Amino acid sequence: SFQCHSTLVVVNHTLLPFQSGPVDGMNGGVGKSKSLSTLVRPGHRVLLDAGLEECFTSSSVAAPPEKMSSFLNVWCTGGQGWSLVGIQGTGQTYFICWDGATDDSQGPFILPLHHDLSSEDPQTNNSSFCFASGVMPLMSHVKYAEKLSQSCHRTVTKLPSVAKPYYNLSSFLHQETGYSPKRSFSITMEESIKMAAAIEGGLDDIIVNALDSISTPHTGSMSGGRVNRSKSLAMSHQEKSKRLLRQCSSWTQLDDTKANRGIVHGQVIVATIRLGARFQSLTIRTNTIANPISTPFNQVLSWLCQRRDYYTAASVALSLLDDAEAVYELCGIPKSSEEEFTHHKGLLDGIKPLGGDSVHGNVSDTLTSLADMAVGCLIKGAGSMSKTLLGFLARNTLYNAPRACLMLLGATSSAMSKEPAPKLKLNKNDNIMNMLSTVESPSEDLLWPVRCLIKMAVVRNCLPSAILMLNAAIPNELRWRAPKSRGLASTPRPSLGLVLALVDIILESTEKATRLFLNMMDEESGPNPYWFSVDDDTKLALSLVSIRGKHVMLQEPEVRAWALGQLKEEIESPTDSAYNDAKGPLLPDGWLKEVVTGAFYNAECDIGLGLDAMVMTSSVSKSSSSHVGEVVCYRQDMLRVGELLVPQKHSCGLDFDLVISSLLILSRRGCEWREGTQISAQTLLNTVCDMAGRKTNVEPKFIFDGATVMRQCALSGNLQAAAFLVGGKKGLVLECADLVISNLAMTMKDAEIALSIGSLGELKGTIAPIYEGMTEQEESIFTPNVNHQHLMWLLEEHVLNVHTYGEFDSSSGKINPVYAGRVCFRAWYCLTHPSVLSSSAEWLEGWMRHKLELTKGTSPRRLACAALVRTLLWADEAAELDLGDGGDDEPLLAAVLGFDGRFMAELAQACCGLIQSIPPHLAEELMSSFGGSNMFSFESSLMNSAQ
């Protein structure tokens, strides 16, 4: 201290060693010497104006001139962090705490100590003296910071036999190896822990203890032996949050508790003084004694969190970890790649170096503890710091994943306790699709802890344990289920938007998350997996969850089996309104549409991308500009749609069962399969049925159940779908039967007799009574309708486009052109009114001449002509006719249809010499009569004889 006029200047010096470099011209310019220097830290200087009896902390304050006087002697004593300064003869004594007060004041804390001069003892003259004595702290080393727990390591296979739960893969799954939990888990929880331990290779003890604190107890109570579930069922989210966070020491150090406040603000006696006849004790903060030079980071962070300054606490922790990216992101400042990280450097000077604290053990444990507390500070900052927390969890490798999991889970439970009650009250008959369309997105304050938790779990490969903890903490929010309540009062279900948002966050984390999510076990409904613990309306909503364009739930076996069961029940149920009113609401049209489009998205088909609009628009423009006589049929649309249904490689393939069942219901209801599409549900259904069961470039994930789907087509009365599903000859008959039945009052049995089973006489006998009651057409000119054009398309596809000899072989699996021709011509006869039958035959002759390019008995399509000759001029082959058969009881199909004989003669001439123009049994006899010559020599001999 020194005197400057009437001002007493007191300075607190710090002795610091330093190295001085060589001076030019001295010691040859080499070598360095160590010296001691004094340093005055900021705030370690006070100015005392004894004349005013006040203290000033600024050098700009001076004493008034009238108060200036010469001082007597000044005395000073002190210790670590404090000084006691007195002026003899004035009765002025000052206690200085160089570290400041506990409030917000800046600089040193000065306490004037005065004694009453009127009470002076003239004999002893005690008023001029202050007697001070230092007090040694009662502890050799004051430890006020809570000792940081050591990092929890995963248990290994060989474990000591101690009474502590070890959940490694070997000991937990085989309880005879020493499995002894502190408290008994329920069977459901035990199975869940086993599953997570098997996947991760073991669970940390901190996770198991946390589950133990919030799970349902397995044993009965002490009085009565009944299972005490009421306490667990009534446990609030806040209580769960407290129990979870209580397990994490990194969080407890940041809480505003009495113990933590004692660490920061606790006082210790450092000196006693006697001023005259009075004794006083002087105290300063214990931190000054325990940490004389710098303060441990945990105490600094705890102090900042107690003051609710989470922003500064997080900034300090991140700066200590040298995470510049997180600091700049937290501050909202764009970081330059060339800029040096200097943020908070001055603030960090007073924090103890991370490697020099013996309390924390080695540096690795210290960094882990610091990283854990950084996570805690960011969590306390809530949603405003969630983005920074998300990036820190993804980058940093120092924090302890189980402790971070507990802190995030505690924040999740705390956030759920603040969830507002849903605005909409749900009724049993509410359409789930209407609710989904009007659902409100939940607040981000409810979602950020779960989003950070799942992100951390994916990065640290502990997703099974994270989902296990979520299931234990918020089971009702994950299941859209009302929590259990006591008494008659009912509690509402959580918000549907919250449930869907939580499921989206979990499922979009990784491809394996869906399976882990569905494996969650539920304690309330019994040991049931997730899908079997939710209500039907919840299943309807969750089955449509879309993750990155994929309906991932529909790819899981239990979800798909449930969906197929719902579709089967809907198809098998009667269509009358009385039954539906008794049963309840039907499957919503919107849900069926989403199932269809979801299956297309999963297979990555082009139709799911909306390309059908472009393709069908171009097809409509082409058909509108087509030439007269060109066939227009829904089969053409099927070909275009089929190109859009090709699954992409590396996809799960097209789920035919789901698509066909859903389209059958939509087609029966007369609904579109997607809003605004130009492809009808029936056309799409026909195309999918035509593809089902065939070999594709992508093998479907699930085996197609053709028998069940065929039965559903029959129950739905959809002959078109059944026809394309069966395929082959039977499919062709069903396709033509659908045309006949939809236009004539004919049963399926009569249609089969008319088209394939019965003779031509039976055909005429079946059709004649139907047209007897119909009025004749006014116009005798034939105009083909849609059904006729469909038959023309079939004739062109299966008969007129024959190019190879092998197509006549019925054993090849393809439709024989002769069989196809007979079925189609019989269907033509059924669909044509007898009054216009002759004109229809004439029109059909002209169309076939054009397609065959038949001119004067020659045609480039000789095989097609042979198929027509064999179809129209030869009787059905069921009677095994031969050359000697001269019976004329069975009419020819050409005569029944009314074809002109000259046209038939030209057809016969065009295919002259082709053995395919005669029945097989007759061809064998002719071959044997020629001495077993081959087919080519037989044809050449017939051609030569014809010439």
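Here a student and a tutor talk through a predicted model of one chain.

Student: What makes helix α37 "mostly covered"?

Tutor: A residue is called buried when its relative accessible area is under 20%. In α37, residues 862-872, 10 of the 11 residues are buried, so by that cut-off the helix counts as mostly covered. The buried ones include L863, A864 and C865, and also R870 and T871.

Student: And how much of the chain is buried?

Tutor: Buried residues make up 48% of the 947 residues. The chain still exposes about 46,400 Å², and carbon and sulfur atoms supply 53% of that area.

Student: Why is the set with L301 and W591 called a nonpolar core?

Tutor: The name asks for buried residues of certain kinds, Leu and Trp among them, joined through side-chain atoms within 4.5 Å. The largest such set has 156 residues, and L301, W591, I607, I660 and L684 touch the most other members. Another core, of 65 residues, lies apart from it, with C736, L755, I815 and A841 among its members. As a general point, nonpolar side chains tend to be buried together in soluble globular proteins.

Student: Why is the space lined by S192 and M195 called a cavity rather than a pocket?

Tutor: In a cavity a 1.4 Å probe fits but cannot get out, whereas a pocket is open. The space lined by S192, M195 and others, including P464 and L516, is the largest cavity, so by definition the probe is shut in there. About 140 Å³ of space lies in this cavity. Helices α2 (187-200) and α17 (463-473) each supply at least two residues of its lining.

Student: How many cavities are there of 30 Å³ or more?

Tutor: The count comes to eight. The second largest has a volume of about 100 Å³, and its lining includes L554, Q555, D655 and K701.

Student: What makes two residues in the lining of that second largest cavity "charged"?

Tutor: Asp, Glu, Lys and Arg count as charged. D655 and K701 are in the lining of the second largest cavity, so an Asp and a Lys give the two charged residues. The other classes there are seven nonpolar and three polar. For the largest cavity, the lining has nine nonpolar, three polar and no charged residues.

Student: How do you know that parts of the chain far apart in sequence meet?

Tutor: Contact means heavy atoms within 4.5 Å. Among contacts with a separation of 6 or more, 68% are between residues 24 or more positions apart. The chain holding those contacts has 41 helices and 15 strands.

Methods: Residues are numbered from 1 along each chain as its sequence is written. This is a predicted model: local features need pLDDT of at least 70, side-chain atom pairs count only at pLDDT 80 or more; totals for chains, interfaces and linings use all residues. Side-chain values use heavy atoms; hydrogens and water are left out. On a 1 Å grid over the protein atoms alone, a cavity is a set of points where a 1.4 Å probe fits but cannot get out, and a pocket is an open set with protein on both sides within 12 Å along at least five of seven lines; lining residues have an atom within 4 Å of a point. Grid points are joined across faces, edges and corners, and a volume is the space filled by probe spheres set on the points. Helices (H or I, at least four residues) and strands (E, at least two) are DSSP runs, numbered from the N terminus. Buried means under 20% relative accessible area, exposed over 50%, partly exposed in between (1.4 Å probe, protein chains only). Accessible areas come from the Shrake-Rupley method with a 1.4 Å probe; for residues, only the protein chains shown count as cover.
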